[in-house]
Amino acid sequence: MALQPEILTPQLFRFELNLKTVLWGGDMIAAFKGITLENHLVGESWEISGFKGHESVVASGNDAGLTLRQLIKKYRSQLVGKRIYRTHGTEFPLLIKFIDANKDLSVQVHPDEDLARSRHHCCGKTEMWYIIDAQPGASLLAGMSRTITPKEYLQHMADGTLLDVLSRHDTHTGDIFFLPAGRIHSIGAGNLLLEVQQPCDITYRVYDYDRLDINGKPRQLHTDLAIDAIDYTVSLDCKRHYPNEKGCITLINSIFFDVYRIIVDGTCNVPMPHDAFLCLMCIDGNATIDYGGDKLETIKQGESLLVPACIEHLTLNGNATIVTATT
């Protein structure tokens, strides 16, 4: 007989700092979070992650030291919801990051569900970006500027002219970019952003500006692997922007995740998903969170919290911009 899960006392979970050093990283994540770091090449902060090798670890309380996977195993559907636990088990279905592009990232593409499962035995990678801050002149690449064929793609790769057929977008605070698997893309220098994605780390790198790695060698390209992954058509829904109005608005509704933005100026009730977890990421300001039973928690810029599925009501009080994600 399977052991019953332990009873989850309603609470919000914080996780330990989980930073990733990369060649293109910088100092913006440290400044955004209000922390001091000696490392000046931090490119990613994995905020809520069940990804092996980069799992979030509970920072405080009775469950301090448990990984997110262990937390799900302990509390099961009380933490993530019945449908999600039934489908994913102890695998957390989202990966939440803050990303600092101090330099241009490589041009890349991710496989969809079918290709990822046939080649790599994992899920695909659809993602979205919320631009937190963009330096003057910052931009990024997302999608094709004109429809091409796989044969033309290979010719552009051979000629070194791939960038000529990619769509470049200027970036500003609050811009939203939706990147379904197959949409070629690159984060440009000067962008600090929030990324919500499927928990997949399969990346096909197709162009890297002829840069060298720490050993003085060109980084590997995946030209041939990418052929079957790329969407070669023009996408008209890459970039979205919404007015800064109080309350909650929908940013992304997809089969893989739903993302919302809440601008709090006073008191605001948070729309809670039915029988599912909710990730809270504070983009600006700070707020107090009332989740019932006279229990209060706080959140400030640069912090993220995981709200268990067993919590049905959430009220924010303060002045803050919060992005939420669920699936």
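**Buried residues and paired strands**

Me: Where is the place of I263?
Reply: In this predicted model, I263 lies in strand β14, which covers residues 258-269.

Me: Why is I263 called buried?
Reply: The relative accessible area of I263 is 15%. Buried means under 20%, and I263 is therefore classed as buried.

Me: With which residues is I263 in contact, leaving aside its neighbours within four places in sequence?
Reply: N244, E245, K246, G247, A320 and T321 are in contact with I263. The cut-off is heavy atoms within 4.5 Å. For T321, 58 residues from I263 in sequence, the C-alpha to C-alpha separation is 4.6 Å.

Me: What makes β14 and β18 a pair of strands?
Reply: There are 12 bridges between β14 and β18, in the antiparallel sense. Pairing requires at least two bridges, so β14 and β18 qualify as paired. One of the residue pairings is V264 with A320 of β18.

Me: How do you know that β15 and β18 pair as well?
Reply: Strand β15 (residues 278-290) is joined to β18 by 11 bridges, and the two run antiparallel. Since at least two bridges are needed, the pairing is established. Opposite T321 in β18 stands D284.

Me: What makes strand β18 mostly covered?
Reply: β18 comprises residues 315-326, and 9 of its 12 residues are buried.

Me: Why is D63 called buried?
Reply: D63 has a relative accessible area of 1%. The limit for buried is under 20%, so D63 meets it. D63 is located in the loop between β2 (42-48) and α2 (68-75).

Me: What joins the side chains of D63 and K74?
Reply: A polar contact of 2.6 Å joins D63 and K74. A second, of 2.9 Å, joins the side chains of D63 and Y75. The distance limit is within 3.5 Å, and both values therefore satisfy it.

Me: How do you know that D112 caps helix α5?
Reply: A side-chain oxygen of D112 lies 3.3 Å from the backbone nitrogen of D114, at the N-terminal end of α5 (residues 113-120). Just after α5, H121 takes a positive phi of about 60°.

Me: Which are the edge strands of the open sheet of 7 strands?
Reply: The strand order is β1-β2-β3-β10-β5-β8-β12, with antiparallel pairing. The edge strands are β1 (19-26) and β12 (239-240), each pairing on one side only.

Me: How many bridges join β5 to β8?
Reply: Strand β5 (residues 127-134) is joined to β8 (residues 176-179) by 4 bridges, running antiparallel. The threshold is at least two bridges, so these strands pair. M128 has F178 as its bridge partner in β8.

Methods. Residues numbered from 1 in each chain as written. Predicted model: local features only at pLDDT ≥ 70, side-chain atom pairs only at ≥ 80, totals over all residues. Heavy atoms only, no water. Buried < 20%, exposed > 50% of the residue type's maximum accessible area, 1.4 Å probe, protein only. Polar contact = N/O pair within 3.5 Å; in protein donor to acceptor, adjacent residues only side chain to side chain.
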